[in-house]
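Visitor: I should be grateful for a close look at a single helix of this model and at the aromatic residues associated with it. Please treat the matter in one connected account.

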Amino acid sequence: MLNIGDKAPAFKGIDQNGQEVSSEALRGKKIILYFYPKDNTPGCTAEACSLRDGYSELKKMGFEVVGVSPDSEASHKKFADKQELRFPLIADTDKSIAKAYGVWGLKKFMGREYMGILRTTFIIDQHGMIEKVFTKVNTKNHFEQIANSYQ
């Protein structure tokens with residue numbers, strides 16, 4: 001897992017609209033890069049909708065929002081359309097971005113262990129450095145969790 005002050009790994013992927021999204025294209029902007037396990041699941045939907053509802057405010061604060069999960073572009077498209085998400089969701093089907101950020105790891109659920117996305121949000125400053133890391137994401141109030149950390 002990366003820490004505050006670390007250089008954020010470069011990332012590049014295709015979003016729900018077939019567009020390339022990259023750290024290079026976002027250089028000079030502050031990025032909320034959030035990793036979530038799966039489209040259309042309760043926690044992931046709550047998190048995405050919280051960021052959607054606070055999106056205008058986050059933009060005013062100078063942030064670009066980018067979601068990342070191992071789901072396909074088609075899955076992301078359905079999810080984004082259904083939830084009216086206006087920010088890119090990268091299809092990290094090979095998990096290369098998740099692995100670079102150290103968020104692909106062992107999870108436990110109902111006594112079962114498996115590999116999956118460790119729900120994490122990284123705030124990357126305009127110089128490409130990690131400014132904040134949220135490992136205990138409040139899915140229902142993630143926008144507020146981020147915004148309040150800047151007050």
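Guide: The model is predicted, and the account begins with the outer side of helix α3. Lys-78 and Lys-82 are exposed, and they sit on the face of α3 that is turned away from its buried side. The buried residues of α3, which spans residues 73–83, are His-76, Phe-79, Ala-80 and Gln-83. Seen down the axis of α3, these buried residues fall within an arc of 95°, so they line one face of the helix. Their packing partners are α1 (42–53), β4 (63–69) and β5 (89–91). Just after α3, the backbone at Glu-84 adopts a positive phi of about 55°.

Among the buried residues of α3, Phe-79 deserves particular attention. Phe-79 has a relative accessibility of 0% and therefore counts as buried, the cut-off being under 20% relative accessible area. Its ring forms an aromatic pair with Tyr-36; the pair is tilted, with 6.1 Å centre to centre and 40° between the planes. Tyr-36 lies in the loop between β3 and α1, whereas Phe-79 belongs to helix α3, so the pair ties together parts that are 43 residues apart in sequence. Tyr-36 is likewise buried, with a relative accessible area of 0%. Both residues belong to one aromatic cluster, which is formed by Tyr-34, Tyr-36, Tyr-55, Phe-79 and Phe-87.

The wider aromatic setting may now be considered. In general, a pair of aromatic rings is described by the distance of the centres and the angle of the planes. The count of aromatic pairs comes to 8. One of them joins Phe-35 and Phe-122 in an edge-to-face arrangement, with 6.0 Å centre to centre and 90° between the planes. Phe-35 is located in strand β3 (residues 30–35) and Phe-122 in strand β8 (residues 120–124), so this pair ties together parts that are 87 residues apart in sequence. Phe-35 is buried at a relative accessible area of 0%, and Phe-122 is buried with a value of 0%.

A further aromatic ring, that of Tyr-150, is associated with a charged residue: Lys-132 lies over the face of Tyr-150, at 4.5 Å from the ring centre.

To return to the helix itself, α3 presents a buried side that includes Phe-79, while the face turned away from that side carries Lys-78 and Lys-82. Through Phe-79 and its tilted pair with Tyr-36, the description of α3 leads into the aromatic cluster to which both residues belong.

Conventions: Residues are numbered from 1 along each chain as its sequence is written. This is a predicted model: local features need pLDDT of at least 70, side-chain atom pairs count only at pLDDT 80 or more; totals for chains, interfaces and linings use all residues. Side-chain values use heavy atoms; hydrogens and water are left out. Buried means under 20% relative accessible area, exposed over 50%, partly exposed in between (1.4 Å probe, protein chains only). Helices (H or I, at least four residues) and strands (E, at least two) are DSSP runs, numbered from the N terminus. The arc is that of the directions from the helix axis to the C-beta atoms. Contact means heavy atoms within 4.5 Å. Rings of Phe, Tyr and Trp (its six-membered ring) pair if their centres lie within 6.5 Å; planes under 30 degrees apart count as stacked, over 60 as edge-to-face and the rest as tilted. A charge sits over a ring if NZ of Lys or CZ of Arg is within 6 Å of the ring centre and within 35 degrees of the ring normal.
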